[in-house]
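Here are some notes for a colleague who is new to this entry. They take up the packing of one helix, then the sheets, then the nonpolar cores.

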Amino acid sequence: MSKHGFLVVVVLLVLILPSCQSTNEVLNEVASVNIYEFRGAVTDEETSEPLSGAQVMLEGTSFKTSTNELGEFSLNIPKGFYEVIVTQDGYRSMRRLVGFESATSQTFRLFNKSVVNSFSTKQEEPASIESLSKRVRYLEQKTDSLEKLVNSLKSSIRAQSDDSRLDKFADYYIGDAPGCDVLNPGDIKFADSDEPGVISIDEPVELIMENYNTGYRVIIKLNDFHAKDYGRVVRTNVDADYFFEELTAENNNQREKWKRNRQELFEGSFQHLLVALASEKPPIYFGYRFYSGNNVESVSGLGFTSSTVQDREVKKEYFVKKKPDKNLLEFDGEIRVEYIRKGVDDPNSIMGLSKYLNQTSWITLNKESIEFSENGMLKDKDALEIQGVWNYTTVCKMLPRDYIPPS
């Protein structure tokens, strides 16, 4: 082999090994994570009768099951923190945060909607049929023509604006990757707004997305969505639950493609960061560097650091506290996180990160500390604010919270 050929091989190895090393290191760190049985029962709150066919789901994961004729269920769950959601037709749903550090048994008691409504509804003297009929005829005469005119105008406006709003909704939230599609976009009802650059939904909606890049069907229970374009950056606020289902691969090539794409999305994700922080290895081994300081500035009060980088590099110990039986995020201010193995991927120019070379995000705590597990599970996700690249992770790039690269 020539001298130049040897140099080419060395350069290729230097470029390839860090990524392979990162994935293998994740496998080593989480290989010992225990699997525990999560069992329990779902009953009627008033009668204590078992509820058969109730759905038991772990939000953000592919774990779900239903209760048997005795109202009982069982799942095998990796150690970590999960939000359990239980639903049954005719009953109020229930959600509960459960930490799995051993075999766990839980009972969920659901309220019957008819019983709740009977106590909360005020009973009034019913009006006579004749009186009601007169009121209805009067209102119809006064409002029929006006209602038709208003509905006609609204339909015309929506027909012209919904297409553009749906495109922006996809850019900001779903993602526009080929092979990743929402099956029922017509169910989305956008709210009318006179404020320029604002897009929001009018009511909660359940969306079904199929992603043939990663091999997942995602059920999105979107409770609220609001986005505002500030010119240099788009700020989004989302309230949603996600439930993942495995798609069936048509052949081995597709199965391998899904495996590669999942691993690529996992590396540099927030869950990947938590695995790195729980590890005994230095964060740079996984590709991370951290920064903090008093001289960081905000852009238009949007809650993330400006492109003028004046902060200082810090070690993991600055904001991660390791206890004998737990890992804690604990710091004041904000931490800037750079993942040096990826650049900023912002095709729609909505992140405001054009001056950053590496993938960059910021984390801020809303409480004194937050616990996380060695397989990347955050105990209280609402106690953490994320900005930068992680805040703009579209649904097409999401993975189940229980995902770990296969060996």
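1. A contact here means heavy atoms within 4.5 Å, and angles run from 0 to 180 degrees between N-to-C directions, with axes fitted to C-alpha atoms. On those terms, helix 5 (residues 270-278) lies across strand 13, strand 17 (334-343), strand 18 (358-365) and strand 20. Its direction is at about 90 degrees to strand 13. The model is predicted, which should be kept in mind throughout.

2. The strands under helix 5 deserve a description of their own. Strands 13, 17, 18 and 20 belong to an open sheet of 5 strands, ordered 14-13-17-18-20 and paired antiparallel. Strand 14 (312-314) and strand 20 (384-388) are the edges; each has a single partner strand, so one side of each is left without a neighbour in the sheet. On average, neighbouring strands of this sheet are turned by 35 degrees against each other, direction ignored.

3. At one end of that order, strand 13 (residues 288-292) pairs with strand 14 through 3 bridges, in the antiparallel sense. Y291 has E313 of strand 14 as its bridge partner.

4. How many residues of strand 5 are buried? Of the 8 residues in strand 5 (residues 80-87), 7 are buried, so to speak of the strand as mostly covered is fair. Strand 5 has antiparallel pairing with strand 2 (residues 55-58), over 4 bridges, and with strand 6 (residues 94-100), over 7 bridges. V84 in strand 5 is the bridge partner of L58, while Y82 stands opposite V98 in strand 6.

5. Strands 5 and 6 also make a hairpin, with 6 residues between them. In the turn, G90 has a positive phi of about 85 degrees.

6. Which residues have the most contacts inside the largest nonpolar core? They are Y173 and I220, in a core of 37 residues. At least two residues of this core come from each of helix 3 (129-174), strand 8 (180-182), strand 10 (205-211), strand 11 (216-229) and strand 12 (234-246). Strand 11 gives the most, with 6 residues.

7. The surroundings of I220 can be listed. Leaving aside residues up to four places away in sequence, I220 touches Y173, I174, V205, E206, L207, M209, A240, D241, Y242 and V395. Another core, of 25 residues, lies apart from the largest one; A276, L277, A278 and A383 are among its members.

Definitions and conventions:
Residues are numbered from 1 along each chain as its sequence is written. This is a predicted model: local features need pLDDT of at least 70, side-chain atom pairs count only at pLDDT 80 or more; totals for chains, interfaces and linings use all residues. Side-chain values use heavy atoms; hydrogens and water are left out. A nonpolar core is a set of buried Ala, Val, Leu, Ile, Met, Phe, Trp, Tyr and Cys residues joined through side-chain atoms within 4.5 Å. Buried means under 20% relative accessible area, exposed over 50%, partly exposed in between (1.4 Å probe, protein chains only). Two strands pair if DSSP finds at least two bridges between them.
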